[in-house]
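I opened a new notebook page for this model. I wanted to look up its enclosed spaces, its ligand shell and its charged pairs.

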Amino acid sequence: MSAESLLHFDNVTMAFGGNRRNPDGVVALENLDLEIRADEPSIIAIAGESGSGKSTLARLGLGMLKPTGGRVIYKGQDLWSMSGDQRRDYRREVQAIFQDPFAVYNPFYTVDRLLRTPMRTFKLAKSKSHARELMEDVLDKVGLRANEVLGRYPHQLSGGQRQRIVVARSLLLQPHLIVADEPVSMIDASLRANILTKLKELRDEFGISLLYITHDLATANQISDKILILYRGRVVEVGDASTVIQRPQHPYTQLLVSSIPRPDPEKTWEGRVEIPLEELTPGADRAGCLFRHRCPHAMPECEITPDYYEGGYGQSVACYLYRENGAAN
Ligand code: SF4
């Protein structure tokens, strides 16, 4: 872990439902290493299909799940052994944006109340007029006019407005990191680009890093600096986002990329390559490359779990096809 580490997944494993007959449980995420630096605001995409472990990763980063192996460390401190003050800072500095964020809020609460709650919790405003000023400021930052949204209820707003209000709510807290789990998947295609631009501005204008969880490689390509491709809980390819998406090397990444509609690679990817649930294997049954039963290049050594090799364009790939390139850094 570097001195400038913001959030660090240190060899993190998450398994569910272990019992005496199956002590390892079902593994959702395995030996994940990922570091988000404090001194380089960046957008890191975590991409994969249903069952890949990406939402588990988001929940671990938000402290909603305790890992069964390894540690999640925020500013040098394990999330699960923080003091009360450290936990409070972490809760303010790491914010979440979900697919349908208003689904978790009371539909009878107005936008004002949604924005005032964190201000009260974290004592952000000195007076009522200061609170109003802060609300207007963050709404302006996400391109909304206060008089158009304050006093309204969630059902009176469009999907794009709701998501921008949630971004505004995050901004009130001046976070260092936002974990965004499929933030644009329920938004009309016409509004998606607008929200993605706002998310990018968070990095560029406010120095906020983003963990962008998505099944959509096209949007990942549009906004991310780095990408991790997850398959059944393991990172199979990691590197610069445009390199991985434009020159995918792992056979699974190639399969994902091939399902992006052509000829317009910028177009939002609607194709899904679903992972059958029976492929969510118990921990005891995870030896070897987990993609080997679907891989057109599978060979006998794929029965042993591959290390990471240089993919040839700067990415790291967990696949024996690249063994001759040597081990990845
Ligand atoms: Fe295919 Fe083997 Fe590479 Fe796995 S390690 S992706 S089975 S070639």
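**Entry 1: the cavity**

I first fixed what I mean by a cavity: a set of grid points where a 1.4 Å probe fits but cannot get out. A volume is then the space filled by probe spheres set on those points. I also noted that this is a predicted model.

How many cavities of 30 Å³ or more does the structure hold? I found 1. The largest cavity contains about 90 Å³ of space. I listed its lining and got 14 residues, with Cys289, Cys295, Cys302, Cys319 and Tyr320 closest to the centre. By class, I sorted this lining into 11 nonpolar, 2 polar and 1 charged.

**Entry 2: the ligand**

Where does the ligand sit? I placed it in the largest cavity. I then wrote down the residues that surround the ligand. They are His250, Pro251, Cys289, Arg292, Cys295, His297, Ala298, Met299, Cys302, Cys319, Tyr320 and Leu321. Cys289, Cys295, Cys302 and Cys319 are thus in the ligand shell, and they are also among the residues closest to the cavity centre. The shell splits into 9 nonpolar, 2 polar and 1 charged residue.

I stayed with Arg292, a member of this shell. Arg292 makes a salt bridge with Glu303, with 3.5 Å between the closest N and O atoms. Both partners lie in the loop between α10 (251-258) and β11 (309-310), so the pair ties together parts that are 11 residues apart in sequence. Is Arg292 buried or exposed? Its relative accessible area is 17%. Buried means under 20%, so Arg292 is buried.

**Entry 3: other salt bridges**

I counted 16 salt bridges in the model. I looked at two further pairs in detail.

Arg203 pairs with Asp204, and the closest N and O atoms are 2.7 Å apart. I checked how each partner is placed. Arg203 has 15% relative accessibility and counts as buried. Asp204 has 52% and counts as exposed. The cut-off for exposed is over 50%.

Arg145 pairs with Glu148, at 3.3 Å between the closest N and O atoms. Here I read Arg145 as exposed, at 56% relative accessible area. Glu148 is partly exposed, at 38%.

Which residues are linked in a network of salt bridges? I noted Glu30, Arg234 and Arg286.

**Entry 4: the largest pocket**

I turned to the open spaces next. The largest pocket holds about 560 Å³ of space. I found 25 lining residues, and Asn31, Asp33, Val235, Val238 and Tyr308 are the closest to the centre.

Which strand gives the most to this lining? I found β2, with 6 residues. The strands β2 (26-37), β9 (226-231) and β10 (234-240) each supply at least two lining residues. By class, I recorded 14 nonpolar, 5 polar and 6 charged residues in this lining.

**Entry 5: the second largest pocket**

I put the volume of the second largest pocket at about 480 Å³. Its lining has 20 residues, and Arg91, Val94, Gln95, Ala96 and Arg169 lie nearest the centre.

Which elements each supply at least two residues of this lining? I listed α2 (84-93), β6 (94-97), α3 (111-121) and α6 (159-172). The lining divides into 13 nonpolar, 4 polar and 3 charged residues.

**Entry 6: two arginines in helices**

I picked one arginine from α3 and one from α6. Arg116 lies in helix α3. At 30% relative accessibility, Arg116 counts as partly exposed. I then took its C-alpha distance to Leu172: 9.6 Å, for two residues 56 apart in sequence.

Arg162 is in helix α6. I read Arg162 as partly exposed too, at 24% relative accessibility. The C-alpha atoms of Arg162 and Ile187 are 9.7 Å apart, with the two residues 25 apart along the chain.

**Entry 7: what I keep from this page**

The ligand sits in the largest cavity. Arg292 is part of the shell around the ligand, and Arg292 is bridged to Glu303. Strand β2 gives the most to the lining of the largest pocket. Helices α3 and α6 are among the elements that line the second largest pocket.

Key
Residues are numbered from 1 along each chain as its sequence is written. This is a predicted model: local features need pLDDT of at least 70, side-chain atom pairs count only at pLDDT 80 or more; totals for chains, interfaces and linings use all residues. Side-chain values use heavy atoms; hydrogens and water are left out. A residue is near a molecule or strand if one of its heavy atoms lies within 4 Å of it. On a 1 Å grid over the protein atoms alone, a cavity is a set of points where a 1.4 Å probe fits but cannot get out, and a pocket is an open set with protein on both sides within 12 Å along at least five of seven lines; lining residues have an atom within 4 Å of a point. A molecule sits in a cavity or pocket if more than half of its atoms lie within 2 Å of its grid points. Ala, Val, Leu, Ile, Met, Phe, Trp, Tyr, Cys and Pro count as nonpolar, Asp, Glu, Lys and Arg as charged, and the others, Gly among them, as polar. A salt bridge is a side-chain nitrogen of Lys or Arg within 4 Å of a carboxyl oxygen of Asp or Glu. Buried means under 20% relative accessible area, exposed over 50%, partly exposed in between (1.4 Å probe, protein chains only). Helices (H or I, at least four residues) and strands (E, at least two) are DSSP runs, numbered from the N terminus.
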